[in-house]
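Me: I'm new to reading protein models. Could you walk me through some ring contacts?

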Amino acid sequence: LIRILRHTIWDVYRRLFSLVLITNVMALVVLFCRSGDILQLDTWNLATAVSANIFVATAIRQDKVQIIMYRLAWLVPHSAPLRLRRIIAKVYENGGVHSGCSVAGTMWFLALTVVVSVHFTQRILTSRCVLVLTCILQGLLLLIVALAHPTFRARYHNYFEISHRFAGWTVIALFWVELGLLANTTAQKAHVTVGYVFARQPSFWFLVLMTLHAIMPWLFLRRWEFQAEDLSKHAVRLHFKHNVGPFTGIAISRSPLLEWHPFATMPSLNGERDGGSIIVSNAGDWTKATVMNPRKNYWVKGIPKPGVLGLSLIFKRVVIVTTGSGIGPCLSIIASPYRRMSCRILWAGPRPEHVFGPEIVRSVRKADPDAVIIDSRANGRPDMVALTYRLYVESAAQAVFVISNPVLTRKIVYSMESRGIPAFGPIWDS
């Protein structure tokens, strides 16, 4: 029971989410207790709480912020205690802060909606536009939170992505309109200028920063040229000539406003300094269309940033476990000339060499001459937990990193962590 509570129900992601939410609930309770009356609550204080939370939720997802967090983690030396490195490696679960602040911001806005509604009925607030905008914003925030639930997101990912993007932009635009209306009302009562009111309100500055964070990734929107290399009927490798940092990934798209698909970048396996590649395997409608008919050009947005595998660098020896096309993200680490740790590799999938080609297999063997590569089509599905544990013990590794489908990733990570072994895998609940 304790293992289940600690490593599933109460994992780091949910701990961060709960910590953020509980802190905000306590602040809201204190505010209510101090005022003693809902009519005494200052709408500007509530607006500040809303904007602060949504700003943090937006900023922590920004590419540069993510890069800074990973680079700070990489500064931790191998000589640091393993327990400390294990804790720091959990920085990739920062999505708990993102979702926690988003829900908390929605909670604060609900309080603001109640106050605005009461003030309007009591004639304290006479602007019908403020009331209508507040109700519309409340509905949009609730919609964003509801559609971001892991169950809906996994089942209807495209709808989630579109709603998150367009509803988010609409919320920011309407925030500006409502903030202007509130500032105008306050300025008329205090006989000051609207600019004076803006300058004194933290919510204005939070909204400025929030808007900049929303715009910034689109300033780096580029159309890259890719050269397709057919690996098999199930996978294609897309080569590009642009320089990207080591251990990073990019998101590509055919329709920038509608969908984005992230892939880890691999360094050139031919010894060339410039460029790299990504592997796209048949795992859905979009990827199947890309494998069957790859384009010469795709849109790339934002700045290439690291993923969970990048945190393997702070350990001396690791076990990397992957299945099928998960070898693509793994090659961003194991094939990099900047890799500073040793690794054992466990790779299982249907006919790996046939699907991904001999060059990929050679790169895996080069990183780990004793790599365990299993053809699940010929030998059946292996016991990945047992094999992972065996490799961990044999190699005296310090951590396990898993790149696979959600079910197997969670199974292996839980099985290792419940044995006291540091284990890490992608998060799908953010």
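Reply: Sure, let's start with a charge over a ring, meaning NZ of Lys or CZ of Arg within 6 Å of the ring centre and within 35 degrees of the ring normal. Here, the charged end of Arg419 sits over the ring of Tyr389, 5.7 Å from its centre.

Me: What kind of model is this?

Reply: It's a predicted model, where local features need pLDDT of at least 70, side-chain atom pairs count only at pLDDT 80 or more, and totals for chains, interfaces and linings use all residues. Residues are numbered from 1 along each chain as its sequence is written, and side-chain values use heavy atoms, with hydrogens and water left out.

Me: How many aromatic pairs does a search of the whole structure find?

Reply: A pair of aromatic rings is described by the distance of the centres and the angle of the planes. Rings of Phe, Tyr and Trp (its six-membered ring) pair if their centres lie within 6.5 Å; planes under 30 degrees apart are stacked, over 60 edge-to-face, and the rest tilted. The search turns up 22 such pairs. One of them, Tyr92 with Phe424, is edge-to-face, at 6.2 Å centre to centre and 75° between the planes.

Me: Which parts does that pair tie together?

Reply: Tyr92 is in the loop between helix H5 (82–88) and helix H6 (95–121), while Phe424 is in strand S14 (residues 423–424), so the pair joins parts 332 residues apart in sequence. Helices (H or I, at least four residues) and strands (E, at least two) are DSSP runs, numbered from the N terminus.

Me: Which residues do ring pairs link into a cluster?

Reply: Trp224, Phe226, Phe240, Phe263, Trp286 and Tyr298.
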